[in-house]
Amino acid sequence: MSLRELSYRADIAHTYIAKIENGSKPPPSDDVMMRLAKGLNLDDETSEIFFDLAAKCKRINDDKNFYLPADISKYLSNEDNAKRLIRKASKLGNSNEFWNELLKQLEK
């Protein structure tokens with residue numbers, strides 16, 4: 001896919017995408033990341049990798065803040081119960097084993 005085609009599909013200026021690509025602009029906002037993923041027509045697994053890598057890039061450029069992947073940030077901003085669940089789990093100090101078991105249950 002060409003840069004201009006992605007620009008059209010994601011409704012983002014091609015010059016801005018080029019500047020992100022060559023590093024002359026900082027990592028884009030979550031909204032831009034969501035539009036890029038949609039424009040690239042990424043499947044679920046590839047989208048997760050895309051968002052995770054973008055969040056890592058933001059942390060590299062700003063080591064004072066923690067960044068969530070765009071898809072998770074968007075979801076959590078609209079889901080009060082998900083926020084409550086994460087806060088509750090955090091207070092309980094659950095281990096990776098707990099989270100792995102929860103994931104197994106959700107994937108059934």
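**Entry 1: cavities.** I looked for enclosed empty space in this predicted model, and I counted one cavity of 30 Å³ or more. I noted its volume as about 30 Å³. As a reminder to myself, rolling a probe the size of a water molecule over the atoms shows where empty space is left.

**Entry 2: the lining.** Next I asked which residues line the largest cavity. I wrote down Asp30, Met33, Phe51, Ala54, Ala55, Lys58, Leu68, Pro69 and Ala70. When I went through the elements, I found that helix H3 (30-40) and helix H4 (44-61) are the ones that give two or more residues to this lining, and that H4 gives the most, with four residues. Sorting the lining by class, I recorded seven nonpolar residues, no polar ones and two charged ones.

**Entry 3: the nonpolar core.** I then turned to the largest nonpolar core, which has 11 residues in all: Leu6, Ala10, Ile12, Ile17, Val32, Met33, Leu36, Ala37, Phe51, Ala54 and Ala70. The elements that give two or more residues to this core are helix H1 (3-10), H3 and H4, and here I noted that H3 gives the most, with four residues.

**Entry 4: Met33.** I chose Met33 for a further look, since I had met this residue in the lining of the largest cavity and again in the largest nonpolar core. What is Met33 in contact with, leaving aside its neighbours within four places in sequence? I listed Pro28, Phe50, Phe51, Ala54 and Ala70. Going back over my lists, I saw that Phe51, Ala54 and Ala70 are among the residues lining the cavity, and that Phe51, Ala54 and Ala70 also belong to the core.

How values were computed. Residues are numbered from 1 along each chain as its sequence is written. This is a predicted model: local features need pLDDT of at least 70, side-chain atom pairs count only at pLDDT 80 or more; totals for chains, interfaces and linings use all residues. Side-chain values use heavy atoms; hydrogens and water are left out. On a 1 Å grid over the protein atoms alone, a cavity is a set of points where a 1.4 Å probe fits but cannot get out, and a pocket is an open set with protein on both sides within 12 Å along at least five of seven lines; lining residues have an atom within 4 Å of a point. Grid points are joined across faces, edges and corners, and a volume is the space filled by probe spheres set on the points. Ala, Val, Leu, Ile, Met, Phe, Trp, Tyr, Cys and Pro count as nonpolar, Asp, Glu, Lys and Arg as charged, and the others, Gly among them, as polar. A nonpolar core is a set of buried Ala, Val, Leu, Ile, Met, Phe, Trp, Tyr and Cys residues joined through side-chain atoms within 4.5 Å. Buried means under 20% relative accessible area, exposed over 50%, partly exposed in between (1.4 Å probe, protein chains only). Contact means heavy atoms within 4.5 Å.
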